[in-house]
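Here is a short tour of a protein for someone meeting it for the first time. Take a look at the picture, then read on.

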Amino acid sequence: MDSVEEMGPVDYLVIEFPGNRMTGEAFPLLVDLSDRGIVRIIDLAFVRKENDGSVVALELSDLGDEIDLTVFEGASAGVLDQGDIDEAGNALEPGNSAAVLVYENLWAAPLARALRRGGAQLVASGRIPVQALLASLDATEDAAPRGGSAAA
(Lines give C-alpha, C1' and ligand atoms only; values in the text may rest on other atoms or scores of the structure.)
Protein backbone atom coordinates (compact mmCIF):
# COMPACT_ATOMS: atom_id res chain seq x y z
CA MET A 1 0.00 0.00 0.00
CA ASP A 2 1.26 3.45 -0.88
CA SER A 3 1.85 6.11 1.73
CA VAL A 4 -1.11 8.38 2.43
CA GLU A 5 0.62 11.24 0.61
CA GLU A 6 0.63 9.22 -2.61
CA MET A 7 -2.91 7.88 -2.50
CA GLY A 8 -6.05 9.11 -4.14
CA PRO A 9 -9.31 9.51 -2.25
CA VAL A 10 -10.66 6.30 -0.72
CA ASP A 11 -14.37 5.54 -0.80
CA TYR A 12 -16.61 2.70 0.22
CA LEU A 13 -19.83 1.29 -1.16
CA VAL A 14 -22.39 -1.03 0.38
CA ILE A 15 -24.28 -2.66 -2.47
CA GLU A 16 -27.43 -4.50 -1.40
CA PHE A 17 -28.69 -7.56 -3.25
CA PRO A 18 -32.38 -8.09 -2.46
CA GLY A 19 -33.20 -11.67 -1.60
CA ASN A 20 -29.51 -12.58 -1.80
CA ARG A 21 -29.72 -12.51 -5.61
CA MET A 22 -26.35 -11.68 -7.12
CA THR A 23 -26.20 -11.98 -10.87
CA GLY A 24 -22.50 -11.23 -11.11
CA GLU A 25 -23.12 -8.91 -14.06
CA ALA A 26 -21.31 -5.96 -12.47
CA PHE A 27 -18.26 -7.82 -11.20
CA PRO A 28 -16.44 -7.91 -14.58
CA LEU A 29 -16.95 -4.14 -14.79
CA LEU A 30 -15.28 -3.72 -11.40
CA VAL A 31 -12.37 -5.88 -12.56
CA ASP A 32 -12.11 -3.72 -15.70
CA LEU A 33 -11.96 -0.52 -13.63
CA SER A 34 -9.18 -2.06 -11.58
CA ASP A 35 -7.29 -3.39 -14.62
CA ARG A 36 -7.42 0.04 -16.28
CA GLY A 37 -5.99 1.74 -13.18
CA ILE A 38 -9.10 3.78 -12.44
CA VAL A 39 -9.67 2.23 -9.01
CA ARG A 40 -7.71 -0.03 -6.71
CA ILE A 41 -9.73 -2.50 -4.68
CA ILE A 42 -8.52 -2.22 -1.11
CA ASP A 43 -11.07 -4.47 0.52
CA LEU A 44 -14.09 -6.45 -0.56
CA ALA A 45 -16.37 -8.34 1.79
CA PHE A 46 -19.75 -9.96 1.45
CA VAL A 47 -22.34 -9.94 4.22
CA ARG A 48 -25.84 -11.19 4.81
CA LYS A 49 -28.46 -9.85 7.17
CA GLU A 50 -30.45 -12.72 8.60
CA ASN A 51 -34.19 -12.47 9.18
CA ASP A 52 -33.52 -12.11 12.92
CA GLY A 53 -31.42 -9.00 12.21
CA SER A 54 -28.03 -10.58 12.86
CA VAL A 55 -25.28 -9.87 10.34
CA VAL A 56 -22.83 -12.50 9.13
CA ALA A 57 -19.75 -12.19 6.96
CA LEU A 58 -19.75 -14.50 3.97
CA GLU A 59 -16.88 -16.29 2.31
CA LEU A 60 -16.72 -16.30 -1.47
CA SER A 61 -17.53 -20.01 -1.36
CA ASP A 62 -20.77 -19.18 0.53
CA LEU A 63 -22.04 -17.25 -2.48
CA GLY A 64 -22.54 -20.35 -4.61
CA ASP A 65 -21.10 -21.63 -7.84
CA GLU A 66 -23.35 -19.63 -10.17
CA ILE A 67 -21.00 -16.63 -10.11
CA ASP A 68 -17.25 -16.92 -10.62
CA LEU A 69 -15.75 -14.64 -8.00
CA THR A 70 -12.32 -16.25 -7.87
CA VAL A 71 -10.79 -13.10 -9.35
CA PHE A 72 -11.58 -11.40 -6.02
CA GLU A 73 -9.86 -14.00 -3.84
CA GLY A 74 -7.19 -12.22 -1.87
CA ALA A 75 -8.72 -8.79 -2.59
CA SER A 76 -9.06 -8.15 1.12
CA ALA A 77 -6.42 -6.02 2.80
CA GLY A 78 -8.11 -6.52 6.17
CA VAL A 79 -9.33 -2.93 6.37
CA LEU A 80 -12.89 -4.02 7.11
CA ASP A 81 -13.45 -5.40 10.59
CA GLN A 82 -16.50 -6.83 12.33
CA GLY A 83 -17.63 -3.35 13.35
CA ASP A 84 -17.63 -2.31 9.68
CA ILE A 85 -19.53 -5.46 8.73
CA ASP A 86 -22.12 -4.75 11.43
CA GLU A 87 -22.42 -1.13 10.28
CA ALA A 88 -22.95 -2.23 6.67
CA GLY A 89 -25.59 -4.65 7.93
CA ASN A 90 -27.50 -1.75 9.48
CA ALA A 91 -28.18 -0.46 5.97
CA LEU A 92 -29.60 -3.79 4.79
CA GLU A 93 -33.09 -5.18 4.93
CA PRO A 94 -33.39 -8.58 6.65
CA GLY A 95 -32.95 -11.46 4.23
CA ASN A 96 -30.67 -9.50 1.90
CA SER A 97 -26.96 -9.67 1.26
CA ALA A 98 -24.42 -7.04 0.25
CA ALA A 99 -20.97 -6.46 -1.11
CA VAL A 100 -18.91 -4.01 0.90
CA LEU A 101 -16.24 -2.45 -1.28
CA VAL A 102 -13.41 -0.15 -0.17
CA TYR A 103 -11.53 1.32 -3.11
CA GLU A 104 -8.99 3.98 -3.93
CA ASN A 105 -9.80 6.42 -6.72
CA LEU A 106 -6.52 6.07 -8.63
CA TRP A 107 -7.72 8.52 -11.28
CA ALA A 108 -7.69 11.27 -8.63
CA ALA A 109 -4.31 10.40 -7.07
CA PRO A 110 -2.26 12.91 -9.14
CA LEU A 111 -4.70 15.69 -8.25
CA ALA A 112 -4.66 14.69 -4.56
CA ARG A 113 -0.83 14.65 -4.52
CA ALA A 114 -0.64 18.10 -6.10
CA LEU A 115 -3.16 19.50 -3.66
CA ARG A 116 -1.30 18.01 -0.67
CA ARG A 117 2.00 19.48 -1.90
CA GLY A 118 0.27 22.87 -1.91
CA GLY A 119 -0.92 22.38 1.66
CA ALA A 120 -4.55 21.61 0.83
CA GLN A 121 -6.49 18.86 2.50
CA LEU A 122 -9.86 17.27 1.90
CA VAL A 123 -12.11 18.27 4.78
CA ALA A 124 -15.45 16.90 3.57
CA SER A 125 -16.88 14.71 0.87
CA GLY A 126 -20.21 13.18 0.07
CA ARG A 127 -22.28 11.50 -2.52
CA ILE A 128 -25.47 12.70 -4.16
CA PRO A 129 -27.91 9.85 -4.91
CA VAL A 130 -28.68 9.71 -8.63
CA GLN A 131 -32.41 9.90 -7.93
CA ALA A 132 -31.95 13.16 -5.97
CA LEU A 133 -29.80 14.67 -8.72
CA LEU A 134 -32.32 13.78 -11.42
CA ALA A 135 -35.19 15.20 -9.33
CA SER A 136 -33.23 18.42 -8.83
CA LEU A 137 -32.45 18.72 -12.54
CA ASP A 138 -36.10 18.05 -13.41
CA ALA A 139 -37.21 20.75 -10.95
CA THR A 140 -34.72 23.23 -12.43
CA GLU A 141 -35.91 22.43 -15.93
CA ASP A 142 -39.57 22.83 -14.93
CA ALA A 143 -38.84 26.21 -13.26
CA ALA A 144 -36.84 27.60 -16.19
CA PRO A 145 -38.62 30.31 -18.17
CA ARG A 146 -39.71 29.19 -21.58
CA GLY A 147 -38.39 31.16 -24.53
CA GLY A 148 -40.43 32.39 -27.44
CA SER A 149 -42.94 35.06 -28.07
CA ALA A 150 -46.64 35.14 -27.33
CA ALA A 151 -48.94 35.07 -30.31
CA ALA A 152 -51.53 37.84 -30.55
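## Before we start

When two residues are said to touch here, they have heavy atoms within 4.5 Å of each other. Keep in mind that what you're looking at is a predicted model.

## The big picture

Let's begin with the overall layout. The protein has 4 helices and 4 strands, and going along the sequence they come in the order β-α-β-β-α-β-α-α. There are 152 residues, and buried ones make up 28% of them.

How much of the contact network links residues well separated in sequence? Among contacts with a separation of 6 or more, 83% are between residues 24 or more positions apart. As for the outside, the accessible surface of the protein is about 10400 Å², and 54% of that belongs to carbon and sulfur atoms.

## A helix with two sides

Now for α2, which covers residues 82–90. Its buried residues are I85, A88 and G89. Looking down the axis of α2, you'd find these buried residues within an arc of 100 degrees, so they line one face of the helix. There's a general rule behind this kind of pattern: an α-helix has 3.6 residues a turn, so residues three or four places apart point the same way.

What do the buried residues of α2 pack against? They pack against β1 (10–17), β2 (39–49), β3 (55–58) and β4. Flip to the face turned away from the buried side, and you'll meet the exposed residues E87 and N90. The N-terminal end of α2 has a cap too: D81 places a side-chain oxygen 3.1 Å from the backbone nitrogen of G83.

## N96, tucked into a loop

Move along from α2 and you get to N96, in the loop that leads to β4 (97–105). Is N96 buried or exposed? With a relative accessibility of 10%, N96 counts as buried, because buried means under 20%.

N96 has plenty to touch away from its own stretch of sequence. Leaving out residues up to four places away, N96 touches E16, F17, P18, G19, N20, R48 and K49. One of these, G19, also gets a polar contact: the side chain of N96 reaches the backbone nitrogen of G19 at 2.6 Å.

## From β4 into α3

N105 sits in strand β4 and is buried, with a relative accessible area of 7%. Setting aside residues up to four places away in sequence, N105 touches G8, P9, V10, D11 and I38.

A bit further on is A109, in helix α3 (residues 109–117). A109 is buried as well, at a relative accessible area of 4%. Which residues does A109 touch, not counting those up to four places away in sequence? They are E6, M7, G8 and E104. G8 therefore turns up for both residues, since N105 touches it and A109 touches it, given that touching means heavy atoms within 4.5 Å. P9 is another one to look for: A109 and P9 are 100 residues apart in sequence, yet their C-alpha atoms are 7.0 Å apart in space.

## A nonpolar patch on the surface

Last stop: the outside. I128, V130, L133, L134 and L137 form a nonpolar patch on the surface, and together they have about 490 Å² of accessible area. One of them, L133, belongs to helix α4 (residues 130–143). L133 is partly exposed, with a relative accessible area of 42%.

How values were computed. Residues numbered from 1 in each chain as written. Predicted model: local features only at pLDDT ≥ 70, side-chain atom pairs only at ≥ 80, totals over all residues. Heavy atoms only, no water. Buried < 20%, exposed > 50% of the residue type's maximum accessible area, 1.4 Å probe, protein only. Polar contact = N/O pair within 3.5 Å; in protein donor to acceptor, adjacent residues only side chain to side chain. Arc of directions from axis to C-beta. Areas by Shrake-Rupley, 256 points an atom, 1.4 Å probe, with all protein chains shown as cover. Patch = residues over 30% accessible without salt bridge, like charges linked within 9 Å, V, L, I, M, F, W, Y side chains within 5 Å. Salt bridge = Lys/Arg side-chain N within 4 Å of Asp/Glu carboxyl O.
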